[in-house]
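This report follows strand pairing, burial and aromatic contacts through one protein chain, beginning with a sheet and moving outward to the chain as a whole.

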Amino acid sequence: MKIKDTLSVIAAAAVLASCNSDTKTPGASADSTKTNTIMENHTPGTFGYDAQFLQQKDSGLIVLKSSDGASQVIVSPRYQAKVFTSTADGQTGKSFGWVNYKAFEGPEDAHMNAYGGEDRLWLGPEGGVFSLYFKPGTKMEFANWKTPASIDTEPWTLDASDAATVSMSKTMSLQNYTGTALQLKAVRQVSLISADAIAADLGLPAGAGVKSVAFKTTNSITNNGTAAWDEKTGAPCMWNLDMFMPSEACTIVIPYQDNAAGKVATTDYFGEIAKDRIRFSNGLLYFKADGKSRGKLGIPPARVKDVAGSYDAIGNVLTIVKFDIDPAGKYLNQEWRTDRAPFSGDAMNAYNDGPLADGKQMGPFYEIESVSPAAFLKPGATQTHKHSVYHFTGDKAALNTIATKVLGVSVDEIEKVFGK
């Protein structure tokens, strides 16, 4: 079966209804009988299992899917316009996103409500003199850290949806660490990517035995205030974070500019990453993504390319992430400290979850992230950041072809980097 045949996507939007919730998002269907019949009795790890769980929490879930139902993507306006998860093989197929089931129960967390999600939009910076997560004058430590409610717990507005795209928005009033009031509107569009567009985006030939699903997010923020955002007042940035399921044999792959000056990566966000968990070779950074050791890295603008990915050798899943970059842009430093230059930040990040010092752990999961440059916007002006996710599974020879073309290394070689 060719990629085009397998992925032939004539996207259709479907709405999943909940039998346990009266809260509704505009445009949601109230008919839960058919949905429950389709989704019942699925095992953990499958798309059907996650869809069934999520429909009980959100009556307004929107599902973009191919005409044959193989490629599906779950989007939730109620949960901050997240893409919760996707699949390349229908209800019984693997669920690619990480869903934090326990976060939906009990009272809201005072710092962050980590519902999970294969792609969510946050605003940055997290730390630094223009932080949006610490009140002015407070010490940058966990006790004072709080994710803004508009990207943590509050629902977004469903503005429009059609057969291929969902558009959502949120008006926000924020204050940064410097004390600047930021009035803004965020808009987020999520679209299922067609087979032809996948091939065009990644420069792929037709191949046999591959199943795929892909989606694009187009994110924008508009300065709704009366004052410009500049280097003195501070400016926000957009921040896409993708939470995926880890495995013992999952490796993140980040191509970088090998001939540029300066450090290749920041590797000490949460303490220096152990040397046996990270490798550099011929313009490629490899990072072990097993969900067993907490670590984060970042690639600076001078080194970053517009693509990264991962390969799970156990699940036989190749993931590609593409995003906008601006080598000349000023990226915000997001570290929890105020003694670093505010515009010396990284342009993309990767994170592997693991236990904290007390043994507690949110996941396990791993993340691939991209950020926009600081949004120096005059009143009424808008900045956009695009971020797309592609999953491929199936014939390993075909996956080798895709990985070599897009990442510059085959999945066979990726599997050997941290092989036992």
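In this predicted model, 5 strands make up an open sheet whose order is S5-S10-S18-S17-S14, with antiparallel pairing. Its edges are strand S5 (120–124) and strand S14 (295–299), each of which pairs on one side only. From one strand to the next, the twist averages 20°.

Several of the pairings within this sheet can be described by their bridges, and the table gives the number of bridges for each, together with the sense of the pairing.

| Strand pair | Bridges | Sense |
|---|---|---|
| S5 and S10 | 5 bridges | antiparallel |
| S10 (residues 237–244) and S18 | 6 bridges | antiparallel |
| S17 (residues 348–352) and S18 | 5 bridges | antiparallel |

Individual bridge partners fix the register of these pairings. Arg120 has Leu241 in S10 as its bridge partner, while Met243 stands opposite Glu367 in S18. On the S17 side, Met348 is the bridge partner of Ser370 in S18.

Strand S18 (residues 366–371) deserves a closer look: is it mostly covered or mostly open? The strand is mostly covered, since 6 of its 6 residues count as buried, a class that requires under 20% relative accessible area. Tyr366, Ile368 and Ser370 point one way from S18, whereas Glu367, Glu369 and Val371 point the other way, and the residues of both sets are all buried. The two bridge partners named above in this strand, Glu367 and Ser370, thus belong to opposite-facing sets.

The sheet also carries an aromatic pair. Trp122 and Trp239 are arranged edge-to-face, at 5.5 Å centre to centre and with 75° between the planes. Because Trp122 lies in strand S5 and Trp239 in strand S10, this pair ties together parts that are 117 residues apart in sequence. Both Trp122 and Trp239 are buried.

Across the structure, the count of aromatic pairs comes to 21. Another of them joins Phe53 and Tyr101, which are likewise edge-to-face, with 4.9 Å between the centres and 80° between the planes. Phe53 lies in helix H3 (residues 47–55) and Tyr101 in the loop between strand S4 (82–87) and S5, so the contact ties together parts that are 48 residues apart in sequence. The burial of these two rings is not alike: Phe53 is buried, with a relative accessible area of 15%, but Tyr101 is partly exposed, with a relative accessible area of 31%. Phe53 and Tyr101 are also members of one aromatic cluster, which further includes Tyr49, Tyr79, Phe84, Phe104 and Tyr115.

How many disulfides does a search of the whole structure find? The search finds 0 disulfides. As for individual cysteines, Cys237 counts as buried at 1% relative accessibility, and Cys250 is buried as well, with a relative accessible area of 1%.

Turning to the chain as a whole, the protein has 6 helices and 19 strands, and 58% of its 420 residues count as buried. Among contacts with a separation of 6 or more, 71% are accounted for by residues 24 or more positions apart. The chain exposes about 16,700 Å², of which carbon and sulfur atoms supply 50%.

Key
Residues are numbered from 1 along each chain as its sequence is written. This is a predicted model: local features need pLDDT of at least 70, side-chain atom pairs count only at pLDDT 80 or more; totals for chains, interfaces and linings use all residues. Side-chain values use heavy atoms; hydrogens and water are left out. Buried means under 20% relative accessible area, exposed over 50%, partly exposed in between (1.4 Å probe, protein chains only). Helices (H or I, at least four residues) and strands (E, at least two) are DSSP runs, numbered from the N terminus. Two strands pair if DSSP finds at least two bridges between them. A disulfide is a pair of cysteine sulfur atoms within 2.5 Å. Axes are lines fitted to C-alpha atoms, for helices over the stretch in contact, and angles run from 0 to 180 degrees between N-to-C directions. Contact means heavy atoms within 4.5 Å. Accessible areas come from the Shrake-Rupley method with a 1.4 Å probe; for residues, only the protein chains shown count as cover. Rings of Phe, Tyr and Trp (its six-membered ring) pair if their centres lie within 6.5 Å; planes under 30 degrees apart count as stacked, over 60 as edge-to-face and the rest as tilted.
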